[in-house]
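This report describes charged pairs, a metal site and backbone features in one structure. The sequence and the coordinates are shown first, and the discussion follows.

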Amino acid sequence: MTLKYCQGPKCHTYHTQDRLKGTKPNKTYQTRRRSSFYYGNDNFCSMNCYNDWFNKYGDQAINHFGRVKEVKKLTEENAWQKTYDWNSNHDMFYVYRNGITKEQRPLTKAQYDDTNYTLNER
Ligand SMILES: [Zn+2]
């Protein structure tokens, strides 16, 4: 199993026992290494490290990939969301609900589970 490093630029500066490696007089705090991480799409050991990365590189990343410079609009044609509810018999049922018009259309469980199935315009 390959271990990977936390991408937090300050990970090694946090004083925790698990980061402290080596023996006297060569002890150092080190970047965490794990087979997987919980945060930031498996890249960061903690929310702190995730935030540290964003505080240091976030503006550059946004400018690189494209800063939002005008309002985005979700129209009626693309406002369908899958959801579920229970009827008076306590049976679960699935529907597509339009967040703008509030229209509801029935869905089968298979359609609900099918991530490619959509009423939204592509
Ligand atoms: Zn970290």
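Beyond its neighbours within four places in sequence, Asp-42 is in contact with Lys-4, Ser-36 and Phe-37. The model is a predicted one. Asp-42 belongs to the loop between strand 4 and helix 1, and its relative accessible area of 25% makes this residue partly exposed. The C-alpha atoms of Asp-42 and Asn-55 are separated by 18 Å, although the two residues are 13 residues apart along the chain.

**Salt bridges**

What does the contact between Asp-42 and Lys-4 amount to in terms of charge? The two residues form a salt bridge, in which the closest N and O atoms are 2.8 Å apart. Because Lys-4 lies in strand 1 (residues 4-5) and Asp-42 in the loop between strand 4 (33-34) and helix 1 (47-65), the pair ties together parts that are 38 residues apart in sequence. Lys-4, like its partner, is partly exposed, here with a relative accessible area of 31%.

Side chains of opposite charge can pair when their charged atoms come close. Across the whole structure, a search finds six salt bridges. Three pairs are set out below.

| Pair | Closest N to O distance |
|---|---|
| Asp-42 and Lys-4 | 2.8 Å |
| Asp-59 and Arg-67 | 3.7 Å |
| Lys-109 and Asp-113 | 2.6 Å |

In the pair of Asp-59 and Arg-67, the acidic residue Asp-59 is exposed, with a relative accessible area of 54%. Arg-67 counts as partly exposed at 38% relative accessibility.

The pair of Lys-109 and Asp-113 sits within a single element: both residues lie in helix 2 (residues 109-113), four residues apart, which is about one turn of the helix. Each of them is partly exposed, Lys-109 with a relative accessible area of 45% and Asp-113 with one of 43%.

A further group extends beyond a simple pair, since Asp-18, Arg-32 and Arg-34 are linked in a network of salt bridges.

**The zinc site**

Which residues coordinate the zinc ion? Cys-6, Cys-11, Cys-45 and Cys-49 do so, each through its SG atom, at 2.3 Å. The four donor atoms subtend angles of 106 to 114° around the zinc ion, so the arrangement is tetrahedral. Along the chain, the donors follow the spacing C-x4-C-x33-C-x3-C.

Cys-6 and Cys-11 are both buried; for Cys-6 the relative accessibility is 4%. Cys-45 also counts as buried, at 10% relative accessibility. A disulfide is a covalent bond between the sulfur atoms of two cysteines. The structure holds zero disulfides.

**A buried arginine in contact with zinc ligands**

Arg-19 is placed in the loop between strand 1 and strand 2 (20-21). This arginine is buried yet has no salt bridge. Why does Arg-19 have no salt bridge? The nearest side chain of opposite charge, that of Asp-18, is 4.8 Å away, whereas a salt bridge requires a side-chain nitrogen within 4 Å of a carboxyl oxygen, so the pair does not qualify.

With neighbours within four places in sequence left aside, the contacts of Arg-19 include Cys-11, Cys-45 and Cys-49, which are among the residues that coordinate the zinc ion. Arg-19 is also in contact with Tyr-14, Thr-28, Tyr-29, Gln-30 and Arg-32. Of these, Arg-32 takes part in the salt-bridge network with Asp-18 and Arg-34.

**Backbone features**

Most residues other than glycine have a negative phi, and most peptide bonds are trans. Three places in the model merit separate mention in this respect.

The peptide bond from Lys-24 to Pro-25 is cis, its omega being near 0°. Pro-25 is located in the loop between strand 2 and strand 3 (28-29).

Asn-41 has a positive phi, near 60°, without being a glycine. This asparagine lies in the loop between strand 4 and helix 1, the loop in which Asp-42 is also found. Asn-41 counts as exposed, at 73% relative accessibility, while Asp-42 is partly exposed.

Lys-102 likewise has a positive phi, near 70°. The loop that holds Lys-102 runs between strand 6 (92-98) and strand 7 (104-107). With a relative accessible area of 59%, Lys-102 is exposed.

Technical notes:
Residues are numbered from 1 along each chain as its sequence is written. This is a predicted model: local features need pLDDT of at least 70, side-chain atom pairs count only at pLDDT 80 or more; totals for chains, interfaces and linings use all residues. Side-chain values use heavy atoms; hydrogens and water are left out. Helices (H or I, at least four residues) and strands (E, at least two) are DSSP runs, numbered from the N terminus. Buried means under 20% relative accessible area, exposed over 50%, partly exposed in between (1.4 Å probe, protein chains only). Donors are N, O and S atoms within 2.8 Å of the metal (3.2 Å for Na, K and Ca); water is not among the atoms, so sites may look incomplete. Four donors count as tetrahedral if all angles lie between 85 and 135 degrees; four count as square planar and six as octahedral if opposite donors are over 155 degrees apart and all others between 65 and 115; anything else is irregular. Lys and Arg count as positive and Asp and Glu as negative; His and the chain ends are not counted. Contact means heavy atoms within 4.5 Å. A disulfide is a pair of cysteine sulfur atoms within 2.5 Å.
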